[in-house]
Amino acid sequence: MSQLTPARRALAITALALGGFAIGSTEFVAMGLLPNIAAALLPTQYSADPDAGIAHAGWLVSAYALGVVVGAPTIAAMSARFPRKGLLMVLLVGFVVATVASAVLPSFGLVLVARFVAGLPHGAYFGIASIVAGDIMGPGKRGKGIAMVLLGLSVANVVGVPAITWIGQTSGWRVAYGVVAVLFAATFLAVSAFVPRSARDESASIRRELSAFRVPQVWLVMGLGAVGFGGFFAVYSYISPLVTNVTGLPEAAVPLVLVVVGLGMVVGGVLGGHLADRSVKRTIYVGMFALIASLLFMVLTAQWTVGVFVGAFLLGATSSAIPPAVQSRLMDMAGDARTIAAALNHSAFNIGNSLGAALGGAVIAAGFGFVAPGWLGIGLALLGVGMTAISYGVERRTNRRAAAAAERTSTGPIEAPVPVG
């Protein structure tokens, strides 16, 4: 793709990032509308116990995340030999259909199924789009290419999620999902027009892609993403009731807090892409400790208006600085199976999404209040740091053994001199 002009390269990257914008909108908009959805689809429970109704509605967040977990490796493995541009367009059609279904289905159970289906193409889209973006950007700029695709998701939290949350609050949550469906349709047209075609990978196969699961490091890095980011989603999934019930702000303030989270994500995503190209290891470690610090800040200051806004920015920035580095490490550890590795990054984060939303809902339903998910998040993020340490510890031991084996092979046994006469 080196023959692309700078203008065509920018348009292609923008089209791929628009998909990230639409995905960010569909993934996160429910978090600002949980009270509205609970009131509409679970009216009896919500009337009797609003906290329990909101926690129950949080299953929609978990269902979408589980769809990502299931769909990312499955679609990536089965479609490894497909032309990447065509596959992206098929995935976008799937998003349109499932999002429209989310907007029109009449019951909580059916909407729950629709959200699961809507999550299926998520990881595969980001994985394939990240590979395409890396190829477009060129050698030595893979982290920046990944970050640019993920930047669409971050910008969604600045513009898309707050705007669509406001639309949902004023016109109904079903209208909000209708708007998201239009965004996916626009992305389909942009990808069709601007993303260049690429040759099929004839050597790709399901067997080769699935070989990534035989690499222990792939599981360790996925564990880092799943457990560590469960901490972020434990708080972010219930940001709406935190703002209204703990900080005491009106419902109209929720979109403003979401804007601040999104601004942090934009800053963190751009910074994370640059840092990942310099040092993946340092980016992960510094990012995880910064995420823990931001969670602690949010927990301690959420009762104050300034605290919740500053904490929201820090939470967004630290959470989005790490994914480019985690995705780069997964792709490095998986060897030739880079398609599934790129998708697995999003499986891992959405395991964290589902885990955080479910556990956060559980502590709320148990009566611990809307600050409790923050303490839970700190614990999960600390576990993520532990997974990071284990991953790099295993790598060091493996490299030492490989170096020792290579030294023995190159040196060889010392032969005794042959006697003369």
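Ser102 lies in helix α5, which spans residues 84-104. The model is a predicted one. Ser102 has a relative accessible area of 0%, so this serine counts as buried. Beyond residues up to four places away in sequence, Ser102 touches Val111, Ala114, Arg115, Trp173, Arg174 and Tyr177. Tyr238 lies 136 residues from Ser102 in sequence, and the two C-alpha atoms are 20 Å apart in space.

Next comes helix α1. This helix covers residues 6-41 and holds Thr26. Thr26 is buried because its relative accessible area is 1%, and the cut-off for buried is under 20%. Its contacts, not counting residues up to four places away in sequence, are Tyr64, Thr99, Arg115, Tyr177, Val180 and Phe184. Arg115 and Tyr177 appear in the list for Thr26 and also in the list for Ser102.

Ala190 sits in helix α8, residues 173-194. What is the relative accessibility of Ala190? The value is 13%, so Ala190 counts as buried. Leaving aside neighbours within four places in sequence, Ala190 is in contact with Ala15, Leu18 and Val195. Leu355 is 165 residues from Ala190 along the chain, with 34 Å between their C-alpha atoms.

**Covered helices**

Helix α3 runs over residues 50-57 and is mostly covered, with six of its eight residues buried. The buried ones are Ala52, Gly53, Ile54, Ala55, His56 and Ala57.

Helix α15 takes in residues 323-333. Why is α15 described as largely enclosed by the rest of the structure? Because 10 of its 11 residues are buried. Those buried residues are Pro323, Pro324, Ala325, Val326, Gln327, Ser328, Arg329, Leu330, Met331 and Met333.

Arg329 belongs to α15. This arginine is buried, because its relative accessible area is 5%. Setting aside neighbours within four places in sequence, Arg329 is in contact with Gln217, Val221, Val280, Ile284, Ser391, Tyr392 and Glu395.

**Surface patches**

A nonpolar patch of about 540 Å² lies on the surface. Leu263, Val267, Phe297, Val306, Val310, Phe313 and Leu314 make up this patch. Two elements, α12 (254-278) and α14 (305-321), each give two or more residues to the nonpolar patch. Which element supplies the largest share? Helix α14 does, with four residues. Val310 is placed in α14. At 37% relative accessibility, Val310 counts as partly exposed, because partly exposed covers the range between under 20% and over 50%.

There is also a patch of positive charge on the surface, where Lys281, Arg396, Arg397, Arg400 and Arg401 gather. Helix α17, residues 372-411, gives the most to the positive patch, with four residues. Arg400 has its place in α17. Is Arg400 buried or exposed? Its relative accessibility is 53%, so Arg400 counts as exposed.

**Accessibility at a glance**

| Residue | Relative accessibility | Class |
|---|---|---|
| Ser102 | 0% | buried |
| Thr26 | 1% | buried |
| Arg329 | 5% | buried |
| Ala190 | 13% | buried |
| Val310 | 37% | partly exposed |
| Arg400 | 53% | exposed |

Two arginines in the table stand in contrast. Arg329 is buried at 5%, whereas Arg400 is exposed at 53%. Arg329 lies in α15, and Arg400 lies in α17.

Methods. Residues numbered from 1 in each chain as written. Predicted model: local features only at pLDDT ≥ 70, side-chain atom pairs only at ≥ 80, totals over all residues. Heavy atoms only, no water. Patch = residues over 30% accessible without salt bridge, like charges linked within 9 Å, V, L, I, M, F, W, Y side chains within 5 Å. Areas by Shrake-Rupley, 256 points an atom, 1.4 Å probe, with all protein chains shown as cover. Salt bridge = Lys/Arg side-chain N within 4 Å of Asp/Glu carboxyl O. Lys, Arg positive; Asp, Glu negative; His and termini not counted. Charge placed at Lys NZ, Arg CZ, Asp CG, Glu CD. Buried < 20%, exposed > 50% of the residue type's maximum accessible area, 1.4 Å probe, protein only. Contact = heavy atoms within 4.5 Å.
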